[in-house]
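User: Please take one part of this structure and look at it closely, then connect it to its surroundings in a single careful answer. I would like every cut-off stated where a term is used.

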Amino acid sequence: MTGQTWKSPAVIGTGTMGRGIMDMLITAGYQVKAFDNCKKNRISAREWLEERWWKLAEKGKKTLFEVESMQERLMLVDSLQGLSDCDFIIEAVPEDLLLKRNIFHQLDSLTSAETVLATNTSSLSVTSISSKCKHPERVIGLHFFNPVWRLPLVEVVESAHTPLELVQQAMSWLQTMGKEPIHVLDTPGFIVNRVARPFHLEAYRIVGEGLADKNQVDRILRSAGFPMGPFELQDLIGIDINYSASHSVYEGFHYDPRFRPHPEQRALVESGKLGRKSGKGHYIYE
Ligand SMILES: NC(=O)c1ccc[n+]([C@@H]2O[C@H](COP(=O)([O-])OP(=O)(O)OC[C@H]3O[C@@H](n4cnc5c(N)ncnc54)[C@H](O)[C@@H]3O)[C@@H](O)[C@H]2O)c1
């Protein structure tokens with residue numbers, strides 16, 4: 001392992017989380033390679049990041065020179081092979097075990113055994129994601145929170161194979177970028193998503209029982225001090241991503257009824273109502 005001297009980080013998946021992680025790395029001064037198998041999403045990630053950086057410049061928080069050099073430090077590649085020379089790769093593709101396992105299997109042979117492979121999974125087993133790797137000891141979970149630039153927490157997940165030394169090195173590295181990492185074990189939903197399950201799921205049940213509507217639930221939770229209510233938070237997270245996390249925590253706890261997903265989650269996903277990213281979810285967005 002190369003410790004805190006990682007120099008060439010990369011991101012896979014340039015959606016909601018990938019963009020936030022790219023922003024963090026580029027802001028910290030790294031040259032970042034990024035791959036998404038959807039060309040449209042790669043291009044829209046660059047446009048989105050550039051718009052964000054220019055807005056910061058307009059507010060006087062970045063200079064013209066800083067924004068131009070940030071733009072130059074982002075390199076989009078059109079295949080996983082394009083990341084083969086990177087030394088720390090963070091995967092942020094949808095919450096699907098087979099998809100992630102397959103990507104890690106490919107990365108395992110494409111990269112040097114020294115390259116650290118991290119997953120941003122919210123709830124899946126990191127051990128299971130690394131199960132097809134010849135070198136599972138270089139796989140770690142780095143669970144960032146949305147939006148990455150505002151929320152400092154990162155759950156650093158130790159799999160059954162991750163050496164403690166790598167956990168500590170990753171935590172120190174994240175701290176240099178202003179993050180507040182915590183070390184967690186590889187259990188379903190780790191800490192935050194396990195606690196968050198009833199927050200989301202009971203909200204559906206309250207609405208289903210006619211005790212309050214979605215708007216009221218969100219407003220009540222905000223008045224109680226939560227920064228967002230459960231329905232508006234799901235729209236921000238992505239209803240598909242939240243549903244997958246619900247499902248994997250439920251499965252991870254051997255179908256304990258405490259964690260049972262709600263049928264409306266699946267109905268929303270199947271009808272394409274994914275939250276802010278699709279313009280429609282629990283609420284409608286312009
Ligand atoms: N959304 C959140 O609030 C949040 C928070 C923390 C962690 N996470 C986790 O982060 C991961 C990504 O979530 P997201 O919300 O960014 O998802 P997203 O749907 O916004 O983005 C996923 C991206 O991955 C791309 N992708 C799909 N298959 C790919 C492949 N084979 N190779 C390369 N790219 C591929 C998609 O084109 C898309 O751009 C998930 O594991 C999720 O659980 C999400």
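Analyst: D218 counts as buried because 22 C-beta neighbours lie inside 10 Å; a residue is called buried when 20 or more other C-beta atoms, placed from the backbone, lie within 10 Å of its own, exposed when there are 12 or fewer, and partly exposed in between. This is a predicted model, in which local features need pLDDT of at least 70 and side-chain atom pairs count only at pLDDT 80 or more, while totals for chains, interfaces and linings use all residues. Residues are numbered from 1 along each chain as its sequence is written.

D218 lies in helix α8, residues 214-223, where helices (H or I, at least four residues) and strands (E, at least two) are DSSP runs numbered from the N terminus. Once its neighbours within four places in sequence are set aside, D218 is in contact with G229, F231 and E232, contact being defined by C-beta atoms, placed from the backbone, that lie within 7 Å of each other. D218 is separated from G18 by 200 residues in sequence and by 27 Å in space, C-alpha to C-alpha. That second residue leads to a record: for "binding site", an unreviewed UniProt entry lists residues including G13, G15, G18, K100, S122 and N146. UniProt positions are given here in the numbering used for this model, with feature names shortened, and such annotations may be inferred rather than shown by experiment.

The ligand offers a second view of that region. Around it are 29 residues, of which G13, G15, M17, S122 and N146 come nearest, a residue being near if its C-beta atom, placed from the backbone, lies within 6 Å. Two or more residues of this shell come from each of α1 (16-27), α4 (97-110), β6 (139-144) and α10 (239-252), and α1 gives the most, with three. The shell is made up of 14 nonpolar, 13 polar and two charged residues; Ala, Val, Leu, Ile, Met, Phe, Trp, Tyr, Cys and Pro count as nonpolar, Asp, Glu, Lys and Arg as charged, and the others, Gly among them, as polar.

Two of the residues in the UniProt listing can be compared by environment. G15 is found in the loop between β1 (9-12) and α1, and it is partly exposed because 18 other C-beta atoms lie within 10 Å. Not counting residues up to four places away in sequence, G15 touches N41 and A92. K100, by contrast, sits in helix α4 and is buried, since 24 other C-beta atoms lie within 10 Å; beyond four places in sequence, its contacts are E91, V93, T119, T121, L124 and I129. A further listed residue, N146, is joined to P147 by a cis peptide bond, with omega about 0 degrees, and P147 has its place in the loop between β6 and β7 (153-158).

On a wider scale, the chain is assigned domain 1 (3-185) and domain 2 (193-277), with bounds from an automatic or database domain assignment. The C-alpha centres of these domains lie 26 Å apart, and eight residues of domain 1 are in contact with ten residues of domain 2. The side of domain 1 that touches domain 2 has two nonpolar, four polar and two charged residues. The ligand shell draws at least three residues from each domain. UniProt, in an unreviewed entry, places "domain: 3-hydroxyacyl-CoA dehydrogenase C-terminal" at residues 189-285, a span that is 59% helix and 0% strand and whose end C-alpha atoms lie 29 Å apart.

Backbone angles add two further sites. Most residues other than glycine have a negative phi. F190, in the loop between β8 (180-185) and α7 (192-208), has a positive phi near 50 degrees and is buried, because 22 other C-beta atoms lie within 10 Å. Y255, in the loop between α10 and α11 (263-270), has a positive phi of about 60 degrees, yet Y255 is exposed, because 9 other C-beta atoms lie within 10 Å.

Notes:
Two residues are in contact if their C-beta atoms, placed from the backbone, lie within 7 Å.
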